[in-house]
Amino acid sequence: MAELQQEAQENVKPEKIDPKFKYEVMKHPGAEKIQMCFQCGTCTADCAIARFSDFYKPRKIARIVQLGLKNRLLGNPMLWLCTTCFTCVDHCPQGVEVSSIVRALRNMSVGNMNEMPFIYKVFASNVLKTGYVYLMPESRLKRRGAEGLPPLPKSNVEHVTKLFEATGFLETLENASTFKNVNLKTGDQDG
Amino acid sequence: MSQGPRIGVFVCHCGLNIAGVVDVEAVTEYARTLPDVVYAVHNRYTCSDPGQEEIRKAIKEHNLNRVVVAACSPRMHEFTFRRTVSEAGLNPYLFEMANIREHCSWCHPSTPEAATEKAKDIVKMAVAKARLLGPLEPIEVPVTNKALVLGGGIAGINAALDLAEMGFKVYMVEKKESIGGHMAQLDKTFPTLDCSICIEGPKMVDVSRHPNIEIFSFTDVLSVEGFVGNFKVKLRKNARYVIEENCTGCGECRDVCPIEYPNEWDMNMGVRKAISVPFDQAVPLIYRINKDYCIECYKCVDACGDRQAIDFSREPEEVELEVGTIIVTTGYDIYLPEEGNVYGYGKYSNVITSLEFERLILAAGPTGGHVIRASDGKRPKVVAFIQCVGSRDINKYPYCSGFCCMYTLKHAIQLKEHYGQDVEVYIFYMDVRSNFKGYEEFYMRAREMGVNFVRGRVSRILEVPENKNLIIRAEDTLLGEPIELEAEMVVLATAAKACDDAAEVSRILNITRGTDGFFMESHPKLKPIDTPVDGIFLAGACQGPKDIPYSVSQGSGAAARAATILSKPSVKIEPIVSVVDPEKCRNTRVKCGICARKCPYGAIRAEPGKPAEVIAAMCHGCGTCVAECPADAITQMHFTDAQVFAQIEAALENNPEDKIMGFCCNWCSYAGADLAGTSRFEYPPNLRVVRVMCSGRVDRDFVLEAFRKGAGMVLIGACHLPYDCHYIDGNWKMKARMEALAKMLEKLGLTPDRFRVEYISAAEGVKFAEVIRDMAAKMKEIGKERIKAENAKLKPFIDRMFARKGR
């Protein structure tokens, strides 16, 4: 992160700008409309994270994608701050899905840098094991029964595994390094 | 008139609007005591049908020959009551209005007694003026039902075609060789991307073929004289050295001509022959020899052969026209950055203007529609457009040029359409202004196509010596960081400016220009097409930068405005004009002519040795000349010195030291006072207002007379400087006059605060009320004793001055 901040103090030089980068991002579902962003800032005003973070501003992320300053984005832990609440998507006057763009950038980051937050790895292995992101404790399952709720449907873990293998996600999951926390103020990662 | 004045006074309750504050009965009673008042009544609603009927009946029954209605503002109902009295056989100018609503009841609700006293004074002033009113007849002048359209761009074309279709004869004058204007230079038009010449060309041909339109191209206007309905225009047809009637436009002469020179039409990027037309679709299609380049080899003469269209002995020819109206459609020019500009225009070969880009991307242009770089003839893969070059810059042109955002979007879209992802387009902008129908969608389309937008004003452009690429420096204000970008071509959206000969046109037509150099409309909202000169109208970009749809609408609008004059055999002019007394005019004895110089409309002729003469049809009735005349030889009808003096005397008869004597111009400050009333802004009831048409009418003597009669304070209310005056610059004349007077009065011991000039617009009711509050407070502070002492000191001096003038 220190490196990123240093870069920000210099001029944005021609060699840093990649006008084609946005087309890469646009290939991801939901990110198609990045070109339509005219930087009104509604997304940032609404963002649950932006108000706590000095640098996670959806508008600014969209701008950086438009300019193609990809070094600032790919592998940047701040991408993982998005809660995917989709308020930005709901309120955008131009139909830009910043949340989806951030998801696209996360995917590109993991693909390029082989790095993801620890918790994502936990979620993924949960899905792999049970088909659920969250592993429900036995006590909770019992209480469901006591309250008269039906048992949770069992997922076909084999299918999930095949899917993980086919998409290459399984390999990514096995090899990716992890970090535990992202500092809201500085965006630095630790753990 | 055989008998003396017999005045009827009609006091209106206006429901409770007036009667709720002012004791209308007392006012009526008081009116009966005034000299020459033979009849006075009050009425609930004087403007209603029964109210008007009462006036008509009273005129007949009581043999009234003057009528005063004490009610609302004359700006509201003067016209209504003028009609009422004329229906009863009285001349409409024998009517006077006393404004006891906007100027009294509405602004003094908490002091009903003082308001009633003020209302009495206002009625007294109106009666005093009414006693001196004389009948006036509207001046009627015949109309020549032909029009002149000055400028053959798209606005002029539409104006001419509309008028011609209405059946009027139209002369179209164009200084260039072809009509069509800037639109004919463009490739496509936003936001529909129609080919420009494909939609304008047929209209140009329509103009040339229309039996009611006569085109004078390659022609200058030398002079315009006259007035509404009766303009005399002198033109000079420049020599083409080609006989217009004989030229068939075949172009065989061009083919044999050996000489080429830069074609201005192509922004000098292409060439034309010494005998040629600027572009193939030129209308009229008449060739021209440019003698600056022609070597007189006479090959063209041979090529022309029997047609015998070429005549090297041609001279410029003068033509005189008579027209009833003039529509000015002289358009705009493009600003070209001067030497040493920060964007390197003129220094770096790959920095061009948008109009040059327009000629590059045009299929019929010098490169056949290929966008190529001047440095190496290669197609640029990265093109940057820089917005607001010269525009929105107080050092150049402070205004927004209006259409640059849209044409730059058009250029960007065209590049993307031509070359797709093989070209990267950047637009450096401060704001994208894409209002009007279909324009925002066009901006969306540009973004959809992948045009890159950078919000930030470019500070500097540097050339890379090796490849002639350009490094653009700006701040990406959305990122909040300085940014550098390397482009292979830079296109500057330079400002649209008033055309180079706008000053000349303004002088010839006597129409005004704003600080921006464009022609001024009569009123920014309600008279956007009229000029201050009756019978002269504006359309298109000569009034300010405009895109095509706007120019077309204005052209049609101007045609409709012109038709309101052309369709009548004669026009009536309000007779509140100035008249010179030839006995008093000193121009017969000395070289004076001050009135002629001060008249904003050039309506006064002062030839040496002869008395000055006002051309009534050109006079707008501001009265500036009256106030300026050193011999008091000029009178403004309906606003005579005697009438104003009578009003001052009436206003200041009782307790003058408590009163503020106000002189307010009809259009701004009087209207501002009306608005203060309408808005119910309360202010102290010390003010007494004399309405004049223009502050330029306020004579020094009015101010002096007010102080001689003991006034506590004097206020002159005018339109805002520099351009709000409805008579072009009457307020400036008043300013100069009153600054000198103020100095003199101060020397004579007057406290400066007691004489005040204020500029108050029709929208500034708040300001009007504030000014009066402030003046009333100051008046109290100064105190009656001091006012009396100062006035006593002034009086002998003013008496002596007036005695000299025989007042």
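Biologist: Which domains does the assignment give for chain B?

Modeller: This is a predicted model, just so we're on the same page. The assignment for chain B starts with domain 1 (1–138), and domain 2 is written in pieces, 141–237 + 317–331 + 500–573. After that come domain 3 (239–315), domain 4 (336–497), domain 5 (577–628) and domain 6 (639–807).

Biologist: How far apart are the centres of domain 3 and domain 6 of chain B?

Modeller: For scale, the C-alpha trace of chain B spans about 90 × 70 × 55 Å along its principal axes. Taken over C-alpha atoms, the two domain centres are separated by 66 Å.

Biologist: What share of chain B is buried?

Modeller: Chain B carries 22 helices and 38 strands. Take its contacts with a separation of 6 or more: 73% of them come from residues 24 or more positions apart. Buried here means under 20% relative accessible area. On that cut-off, out of 807 residues in chain B, the buried share is 59%.

Biologist: And chain A, what share of its residues count as buried?

Modeller: Chain A has 10 helices and four strands, in the order α-α-α-α-α-α-β-α-α-α-α-β-β-β. Its C-alpha atoms fill a box of roughly 60 × 35 × 30 Å. Among its contacts between residues at least 6 apart in sequence, 68% join residues at least 24 apart. Of its 191 residues, the buried share is 39%.

Biologist: Which three residues supply 90% of the area that domain 1 of chain A buries against domain 2 of chain A?

Modeller: Chain A is assigned domain 1 (15–114) and domain 2 (116–175), with 28 Å between their centres. Four residues of domain 1 and five residues of domain 2 make the contact, and about 430 Å² gets buried between the two, 68% of it on carbon and sulfur atoms. The three that supply 90% of domain 1's part, more than any other three residues, are A:Trp80, A:Val110 and A:Asn114.

Biologist: How many residue pairs are in polar contact across that interface of domain 1 and domain 2 of chain A?

Modeller: The side of domain 1 that touches domain 2 divides into two nonpolar residues, one polar and one charged. Salt bridges between these domains come to zero. For polar contact, with both residues at pLDDT 80 or more, the count is one residue pair.

Biologist: Now between the chains: what area do chain B and chain A bury?

Modeller: The contact draws on 24 residues from chain B and 25 residues from chain A. Of the area buried between them, 49% is on carbon and sulfur atoms. The total is about 2,100 Å².

Biologist: Which residue of chain A meets B:Glu424 in a salt bridge?

Modeller: Chain B and chain A share five salt bridges, and the rule also finds 15 residue pairs in polar contact across their interface, both at pLDDT 80 or more. In the salt bridge of B:Glu424, the N to O distance is 2.9 Å. Its partner is A:Lys20.

Biologist: Which element gives the most to the side of chain B that touches chain A?

Modeller: By class, that side has 12 nonpolar, three polar and nine charged residues. Elements of chain B that each supply at least two residues include strand S22 (424–429), helix H12 (439–448) and strand S23 (452–455), along with strand S25 (470–476) and strand S26 (481–487). With six residues, the top contributor is S26(B).

Definitions and conventions
Residues are numbered from 1 along each chain as its sequence is written. Chains are lettered from A and ligands numbered from 1 in the order in which they are written. This is a predicted model: local features need pLDDT of at least 70, side-chain atom pairs count only at pLDDT 80 or more; totals for chains, interfaces and linings use all residues. Side-chain values use heavy atoms; hydrogens and water are left out. Contact means heavy atoms within 4.5 Å. Buried area is the accessible area (1.4 Å probe) that two parts lose on being put together, summed over both. A salt bridge is a side-chain nitrogen of Lys or Arg within 4 Å of a carboxyl oxygen of Asp or Glu. A polar contact is a pair of N or O atoms within 3.5 Å; within protein, one must be able to donate a hydrogen and the other to accept it, and residues adjacent in sequence count only if both atoms are side-chain atoms. Ala, Val, Leu, Ile, Met, Phe, Trp, Tyr, Cys and Pro count as nonpolar, Asp, Glu, Lys and Arg as charged, and the others, Gly among them, as polar. Domain bounds come from an automatic or database domain assignment. Buried means under 20% relative accessible area, exposed over 50%, partly exposed in between (1.4 Å probe, protein chains only).
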